[in-house]
Structures are given as C-alpha cells and as structure tokens.
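Open the model in your viewer and keep the sequence panel in sight. The tour goes from one selection to the next.

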Amino acid sequence: MTEQGFWQTKDFTEMTHDEWESLCDGCGKCCLHKLIDEDDVTETLHYTDVTCALLDGSTGLCSNYANRKKFVPDCVVITPANVHELSYMPPSCAYRRLAEGRDLPSWHPLRHNGSREPMQAAGMSAAQRVINENEVREDLELRIVTWPLKDVD
C-alpha cells in the first residue's frame, strides 16, 4: 500500500505552515498579469505572458518571496481562509486543485522529492515563456496567451 501524502489526509486548516507552503509548485503562473473582459457577460479571464516585476523569468520563481508584499502590495497571499475564493488562479494550481477536491498532479514537486523537472517537462512552468512587466511596451491585450490554462495530471 502506498503511503498517502499530507495533502490527502489533512484539511487545509490542519496543515503546518511548511506543509501549506510546499503545496505551491513554483510554476509562476499566478504571477502573470490577468485581464478580465468586462464586456463579456461571464467576465472571461485572460492570462498574459507578462509577469510581476519580482518573478524571475528564467526560473519561474519569485525573486523576493519573503518580502514580496513590501514590493508588490497587491500580491495575493494564498491562505486556507481565502483559497476557495481565488477562482483566477490557474487551473493547475495545487491550492486550487485541492480546494476543488482534486489531487495533486503527477508532475507536482511533492511527488518527486521536491524536483521541479517533471513540472517543467510537462510544460506547466512559466519559466522561459514570460516577459517582465518592466520590459513590456505594448498593450497587455496584445500579450494574451492560453498556455497557463493547461492542466494535466
């Protein structure tokens, strides 16, 4: 019998801080600028390939995670209290998947002793696919992409 991971046996509120933080796969997709089509009745969400100034585009990781709120005040901190309200998180996000009653995908780093290689091989990382907001000169509408919507198990 295979041992279950803590994410399969604990409620969000029962997890330690370190367990909670480890749910993040570090894909960087949550750091993409998003647009909402308010002319659309359903207010369709569109992802762009433009990232927050703190995201390292080569790794897909935040360059100053511990102090991100200081430099990016509107950065959303995902917590057990707000996770169910964050429908704009990418479909592959572990927090979103678990909140929706789904399991972690096969490529998640927790399933590979912390290795991000399976995630990158599955095409789930923003690394090498994005541009920093400080480098963008055109309208964000011209930077809409669909790859962040990809969700594979």
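A residue is called buried when its relative accessible area is under 20%, and exposed when that area is over 50%. Keep in mind that the model is predicted.

**First stop: R97.** Select R97, which is in helix 4. Is R97 buried or exposed? Its relative accessibility is 2%, so R97 counts as buried. Now show side chains and add D153 to the selection. The side chains of R97 and D153 make a polar contact at 2.3 Å. To see the wider surroundings, leave out the neighbours within four places in sequence and display the residues in contact with R97: P91, S92, R102, D103, L104, P105, D151, V152 and D153. D153 thus appears in this list as well as in the polar contact.

**Second stop: N113.** Move along the chain to the loop between helix 4 (94–99) and helix 5 (117–121), where N113 is found. N113 counts as exposed because its relative accessibility is 84%. Next, look at the backbone. Most residues other than glycine have a negative phi. The phi of N113, however, is positive, near 50°.

**Third stop: Q128.** Which loop holds Q128? Select the stretch between helix 5 and strand 5 (131–132), and Q128 is there. With a relative accessibility of 63%, Q128 counts as exposed. Check its backbone too: Q128 is not a glycine, yet its phi is positive, near 70°.

Technical notes:
Residues numbered from 1 in each chain as written. Predicted model: local features only at pLDDT ≥ 70, side-chain atom pairs only at ≥ 80, totals over all residues. Heavy atoms only, no water. Helix = DSSP H or I, 4+ residues; strand = E, 2+ residues; numbered from the N terminus. Buried < 20%, exposed > 50% of the residue type's maximum accessible area, 1.4 Å probe, protein only. Polar contact = N/O pair within 3.5 Å; in protein donor to acceptor, adjacent residues only side chain to side chain. Contact = heavy atoms within 4.5 Å.
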